Amino acid sequence: MDRKRISALTEQLNTLSKENQQVEYWLARELQHCLGYRTWENFEAVILRAMVSAETAGAAVEDHFREVTKLIMIGKGGQRPVPDYMLTRYACYLIAQNGDPRKEEIAFAQSYFAVSARTLEVVEERIAYMERLEARDRLRASEKRLSQNIYERDVDEKGFGRIRSQGDQALFGGRTTQQMKDQYGIKSGPLADHLPTLTIAAKNLATEMTNYNVEEKDLRGEGSITREHVQNNSSVRAMLGERGIHPEDLPPAESIKKLERRVKKQEQAILEQAGRLPEDGTPDGKETE
């Protein structure tokens, strides 16, 4: 997601934020469109799933989801009451977690509501964290699939290690996995846990290409699969090189393990920092039908 889009969405959600007795909240009917939902029925279904998530987590649902009535303007100056919800930041976070992950707005909201200081810089940082974690998860999945593929094709665990090592050497311009670890000062754990998002994505692309061709061509034996994996990593490296990018020259990133702990800590703080909706809280504002 580019900076301009992040800035626009951040400003929009900041503008929709309200406060009652020092508790920040949003109105569901205003939030609906900002999160990419056209119909109230579909969005309310997400709210109901979020309520279940809150209850499962041991939170008091009524402290974070308050059903209210809102007046909307209809023709000739009339008004009609419609159901709405007051939502704390914790409620909004759970809604984002239960929303359609294919929607760009939902992916953004998952980071926006997870941080207390919702400045553009903080939201951007959180989104970058999540993109890197997601890239690492995708690489884990593709490497697991590769290991299953090669075990079914007469290659043992040591052979799998050699295939991955040869692939790394092709991607990093002749530098071995251990040499890259030494370069980055990695004492333990996988090299991929310290790679920047771009390099993780590059490794994943090469691995997915290998999986595809191993399955389509039914490649068997360590030699043929190694040649396939090396060729795919070399192709990805050549593509990056055309854009002036050399994976071995990119700086290391923060350990994925540390990043996961930071993200988990942020998420654990959401409920505590969100506060509780006041008993006599009522929304303000009107909508036009």
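**Entry 1: burial and overall form**

I started with burial: 46% of the 289 residues in the protein chain come out as buried. Note to self that this is a predicted model. I then looked up the exposed surface, which is about 15200 Å², with carbon and sulfur atoms supplying 48% of it.

Next I counted secondary structure and got 12 helices and 5 strands. The radius of gyration is 24 Å, while the globule rule gives 19 Å for a chain of 289 residues, so I have this one down as more spread out than a compact globule. I also boxed the C-alpha atoms along the principal axes and found roughly 75 × 40 × 40 Å. For contacts between residues at least 6 apart in sequence, I see 68% joining residues at least 24 apart.

**Entry 2: the cores**

Which residues have the most contacts inside the largest nonpolar core? I get Leu 31, Phe 43, Ile 47, Phe 65, Leu 87, Ile 95 and Phe 113, in a core of 41 residues. I then checked which elements feed this core with at least two residues each: among them are α1 (3–16), α3 (40–56), β4 (79–88), the helix α7 (120–151) and, much later in the numbering, α12 (256–274).

I picked out Phe 43 for a closer look. Setting aside neighbours within four places in sequence, I find Phe 43 touching Ala 28, Leu 31, Gln 32, Leu 35, Tyr 37 and Ile 95. Two of those contacts, Leu 31 and Ile 95, are also on my list of residues with the most contacts in the core.

There is a second core, separate from the big one, with 15 residues. I noted Ala 135, Phe 172, Tyr 184 and Ala 192 as members of this second core.

**Entry 3: rings**

How many aromatic pairs does a search of the whole structure find? I count 8. I looked at Tyr 151 and Phe 160, an edge-to-face pair with 6.3 Å centre to centre and 70 degrees between the planes. Are the two partners buried or exposed? Tyr 151 counts as partly exposed because its relative accessibility is 40%, whereas Phe 160 is buried at 9%.

I also found one aromatic cluster, made up of Trp 26, Phe 108, Tyr 112 and Phe 113. Phe 113 was already in my notes from the largest core.

**Entry 4: charges over rings**

Last, I looked for charged ends sitting over rings. I found the charged end of Arg 29 over the ring of Trp 40, 4.1 Å from the ring centre. I also have Lys 103 with its charged end over the ring of Tyr 37, at 4.8 Å from the centre. Tyr 37 had come up before, as a contact of Phe 43.

Technical notes:
Residues are numbered from 1 along each chain as its sequence is written. This is a predicted model: local features need pLDDT of at least 70, side-chain atom pairs count only at pLDDT 80 or more; totals for chains, interfaces and linings use all residues. Side-chain values use heavy atoms; hydrogens and water are left out. A nonpolar core is a set of buried Ala, Val, Leu, Ile, Met, Phe, Trp, Tyr and Cys residues joined through side-chain atoms within 4.5 Å. Buried means under 20% relative accessible area, exposed over 50%, partly exposed in between (1.4 Å probe, protein chains only). Helices (H or I, at least four residues) and strands (E, at least two) are DSSP runs, numbered from the N terminus. Contact means heavy atoms within 4.5 Å. Rings of Phe, Tyr and Trp (its six-membered ring) pair if their centres lie within 6.5 Å; planes under 30 degrees apart count as stacked, over 60 as edge-to-face and the rest as tilted. A charge sits over a ring if NZ of Lys or CZ of Arg is within 6 Å of the ring centre and within 35 degrees of the ring normal. The radius of gyration is taken over C-alpha atoms; the globule rule is 2.2 Å times the number of residues to the power 0.38. Accessible areas come from the Shrake-Rupley method with a 1.4 Å probe; for residues, only the protein chains shown count as cover.
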